[in-house]
Each structure stands twice: as structure tokens, then as C-alpha cells.
Amino acid sequence: MIKYPEREGRQLELKRELHNFDGLLRTTTAFLNDIGGLIVIGVADESRAVIGLSESDVERYLERIPQAICDAIEPNAPIAIRTKTIEDATVVELEVYPGSRKPYFIRSEGVLKGVYVRVGSHTKRASNEEIDELTQTSRGSSSDAQPIPGVTINDLDKHLLGQLYREAVPDIATLRAEKLVALDPVTKQDFVTLAGVVLLHPNPNRVFPAVEALFTHFKGNSTEQIIRSIDLSAPLSTLVYQVLNLLEPLLTVATERVGPRLQASRFSIPPLAIREALLNALIHRRYSAQAPVKIALFDDRLEIFSPGNFPGPIDLTELGNGVSYYRNPIIAHLTRRLGLVERRGLGFAQILRSCKENRNPTPQIIEGSDYVKVTLYTSQGSSAIELPVELFGLKSFHQKGIPLTASIVSQALQVSPGTARSRIRQLVDLKLLIREGQGRGTRYRWR
């Protein structure tokens, strides 16, 4: 049995034969509204077995498919149809190019119900939000340039505005030019755009619920037991550092003394890789999807989920070479001005390089049905220890077997001396520490 070399996916649909053209038209419309794709007829979709077509079927498809698409899909669809011989079998290939006049729809179903989009290897009817996004793209606009009714300049964080404009107070003309505000076509008022909400609103999820991140820490390497889960919502620049501050004590594997304090010096996952993966997820996500960016920490890995596929046709093997597409160009541009992004298109390159330098396994990047997942693996296969949550700042001491004193615990956990002594008693009760010495010479050794 000859197998077709590729599996069905975002840009490939396999069909054994056509009993009618309904499914073909829906898939064609979805490819037009996305980044194009190829429909191959004469191949079993599940087994990928190349069945081939009879001569009469080939002639029928070549004649009737272009006419059916022309009659059914609006606007006119850019396609190419041809035959291909695989071994001794003949198949028909319908190449669908990404449309420039989106949204494309099936005329008989109308523009509200006849728009289809591609989600992984499946075709689905587009939601109203997805139709709006397609319309904006066709007009040369973007979803992050759309005004959010009711949100005015007075609602924005003045400190962040000052950072963006170097302490100068921007006038309305400047904010319009930067597309941080836009004129609402209904009320004729200036409202803050989605980009302005994401970057500059102090509580963005109160305005746009999807602007948030969900951090979950799991025990072990599965999702069976949750240690803690936190919903985070803040301006994008603040949100990145909130997540990094949560992760730092959990991923620290070595410390060094800097003046009177101990400071993390080595991590099981490099912070640069985490930062770049987070920025990519927050900048390029599909904000019309009512779902947060999800950060999941396991003993052996960190997973970052971003709603929506890649905004363009990206070869995953080429991600480290600077290729990039922008779903939210305003957010992407202004994050660079805020100093969050150094050079465009090199985020994945920095992820790969920093993990290699830290001797971590190669990160895994997956484009799923309607998400992108980046998995960063720890350098030593396990990043967590059996400690209560409030004591995770002591993990590196446990791993290295460094004895504890009340002073060390106070500095490591940033707590008062009394609380430090309470934490030590907690560890003794858990039978993790053994007391040695007396008075000022008292030390607590790890079991």
C-alpha cells in the first residue's frame, strides 16, 4: 500500500472521493480565509492510503470542481486544479491560495453562516468574532486596532503612558496615529483600542476578559494534582514579570550571596527562554478567542499555551531563523518601544539558544487545532521538591544540602526573623530538618 507522505493538517485535506461537493466547498472556503491549502482527492484520509481515481472520475472532477467553486463561493476564489501521479495511481490536487478579499463564504448560506475557517485538520463555521477579524484583515486593519467602546484615555495607566512617550503627555492626534485610540463609527467618539487596553490599562481583563494569564503549578509530571492556580491580569509588560517572579523561586537550582542577600544564579529553565515564550504568547495570541494564555509548570517542564494558530504559514523547523508574521502589529510594535522586545522575529531563536547554553533539552513547539504550545524542559528532569508552597524559596538549599539558619531562611524567603523560625519549625515537624548545635551555633541539616 502506498501512503501519502503527509498527514492532514491546517493546510492539507485528504479525500478518498467526492459523493457531493458540500465538504469540498466548506474546506475550500476555510483555506481561502486562512493561509491557503491543498485538497487531494484519491487518498483515504485516515490511513493516507493512495487509492487513486478512475479516468472518468478524474475528467469529471477537473471539469466540475472549478465550476462548482465559481458558482458557490463568494468572492471569486483563487484556485488551481491539476492531476498528479503517485506510483501508478492518479489523484486530483486542488490548490487553494490565501484569499485577499476575506471573508469568503458559501453564497447559499449567506455571510453570517457561510464563512468557514480552518482549525487544525478540521473545518468549522466561523464565529462572529472570527468573521470580524477576517473583515478587518481584508480592510488592511487588525484586531488590535479596533476601538473598545466605553474605554477612554482617562482609563489608562499614566505611568505606562509616560514610559511609552518618555514622560511627555501625548495629544489625541499622536494616540490616533499610534492607533492606541480610534474613532468609534457609531458614537463618533475616541475610544481606546484593543492594543491600548492590552498594553496600558491597569486592569485589562475587566474590559476584555481574554486579556489574562492562568498560571497552574502541578505536582509531578501529570495534571492529576494541582499545587496552586492563579489568575493574573495586568498590562502586558507587568504581566510578563509577574509570571517570571512566580516562577523564579520554583526554578532556582543555585544561589550566590550578593552583599547581605542570597540571589538566584542558575535556573533549571533559563529566564530568557521563559520571557521570550511568554512575550510571543501574549503579543501574537488571538484575542478574539475568549481564553487566557495558560502557563503550566510540572516537575520536568513548563508549558505555555497561546490561543490561536500562528498568524501565517510558518515552517516549525525554521522558527529560529527570524521568520515572523504579525496578528497584532500595533502590540508588537509598541512592546519593542517599551523595551520588552529587542529585535523582531528572533524570539524563538533566543529561546533555542538560551536553552542550549543552559544544557536544557530542545524546546518543543507545537501548532495545535487552535493554539500554539511551547514546552520548555528542565535541565535536570525535575524542578520541584516535596516542600509546602510557602517554602519553595528554600528548594535550592535542599537540593545542595546547604544547612539552614534563621538568618538564611529570613533572607531567602524575605520574611521576618520570627516567621523564619516558624518556617524552620515547620520543616522540623515535616522531618525534613535535623537540629545541630546550640545557641548562636545552631544549624539545621537536611535529612
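**Note on the predicted model: salt bridges, sheets and helices**

1. Across the whole structure, a search finds 19 salt bridges. The structure under discussion is a predicted model. The points below take up several of these charged pairs, then two sheets and the helices packed on them, and finally one further helix and one close approach of the chain.

2. Arg-10 deserves attention at the outset. Its side chain forms a salt bridge with Asp-34, in which the closest N and O atoms are 2.7 Å apart. Because Arg-10 belongs to the segment before β1 and Asp-34 to the loop between α1 and β2, the pair ties together parts that are 24 residues apart in sequence. Arg-10 and Asp-34 are both buried.

3. Arg-10 also forms a salt bridge with Glu-367, and here the closest N and O atoms are 2.5 Å apart. This pair links distant parts of the chain, since Arg-10 is in the segment before β1 and Glu-367 is in strand β17, 357 residues apart. How do the two residues stand with respect to burial: is each buried or partly exposed? Arg-10 has a relative accessible area of 11%, which is under the 20% limit, so Arg-10 is buried. Glu-367, at 25% relative accessibility, counts as partly exposed.

4. A further charged pair joins Arg-275 and Glu-276, whose side chains meet in a salt bridge with an N to O distance of 3.1 Å. Arg-275 counts as buried at 13% relative accessibility. Glu-276 is buried as well, with a relative accessible area of 6%. As a general remark, side chains of opposite charge can pair when their charged atoms come close.

5. The reader may next turn to an open sheet of four strands, in the order β1-β2-β5-β4 and with mixed pairing. The edges are held by β1 (12–15) and β4 (79–86); each has a single partner strand, so one side of each is left without a neighbour in the sheet. On average, neighbouring strands of this sheet are turned by 20° against each other, direction ignored.

6. Within this sheet, β4 pairs with strand β5 (residues 89–96) in the antiparallel sense, over eight bridges. Which residue of β5 is the bridge partner of Arg-82? The partner is Glu-93. Arg-82 and Glu-93 also appear, together with Lys-84 and Glu-95, in a network of salt bridges.

7. Two helices should be viewed together with the four-stranded sheet. Helix α1 (residues 22–33) packs on the sheet and touches β1, β2 (37–41), β4 and β5, its direction making about 160° with that of β2. Helix α2 (residues 55–72) lies across β2, β4 and β5 and runs at about 160° to β4.

8. Another open sheet is formed by six strands in the order β12-β11-β15-β16-β18-β17, again with mixed pairing. At its edges stand β12 (226–232) and β17 (364–367), each with a single partner strand, so one side of each has no neighbour in the sheet. Neighbouring strands are here turned by 10° against each other on average, direction ignored. Edge strand β17 is also the strand that contains Glu-367, the partner of Arg-10 described above.

9. In the six-stranded sheet, strand β11 (residues 213–218) and strand β15 (residues 293–297) pair in the parallel sense over five bridges. Thr-216 stands opposite Ala-296 in β15. Helix α9 (residues 236–251) packs on this sheet, touching β11, β12, β15 and β16 (301–307), and its direction makes about 160° with that of β12.

10. Leu-251 is found in helix α9. Leu-251 is buried, with a relative accessible area of 1%. Its C-alpha atom and that of Phe-267 are separated by 5.3 Å, although the two residues are 16 residues apart along the chain.

11. Helix α15 (residues 417–429) has 13 residues and reaches 18 Å from its first C-alpha to its last, close to the 18 Å expected at 1.5 Å a residue. Ala-420, Ile-424 and Leu-427 are buried in α15. Why are these residues on the same side of α15? They cover an arc of only 60° around the axis, which puts them on that same side. In general, an α-helix has 3.6 residues a turn, so residues three or four places apart point the same way.

12. The cover over the buried residues of α15 includes α14 (406–413), β19 (433–436) and β20 (443–446). Lys-431, which follows α15, has a positive phi near 60°.

Notes
Residues numbered from 1 in each chain as written. Predicted model: local features only at pLDDT ≥ 70, side-chain atom pairs only at ≥ 80, totals over all residues. Heavy atoms only, no water. Pairing = 2+ DSSP bridges. Axes fitted to C-alpha atoms, helices over the stretch in contact; angles between N-to-C directions. Contact = heavy atoms within 4.5 Å. Salt bridge = Lys/Arg side-chain N within 4 Å of Asp/Glu carboxyl O. Buried < 20%, exposed > 50% of the residue type's maximum accessible area, 1.4 Å probe, protein only. Expected span 1.5 Å × (residues − 1). Arc of directions from axis to C-beta.
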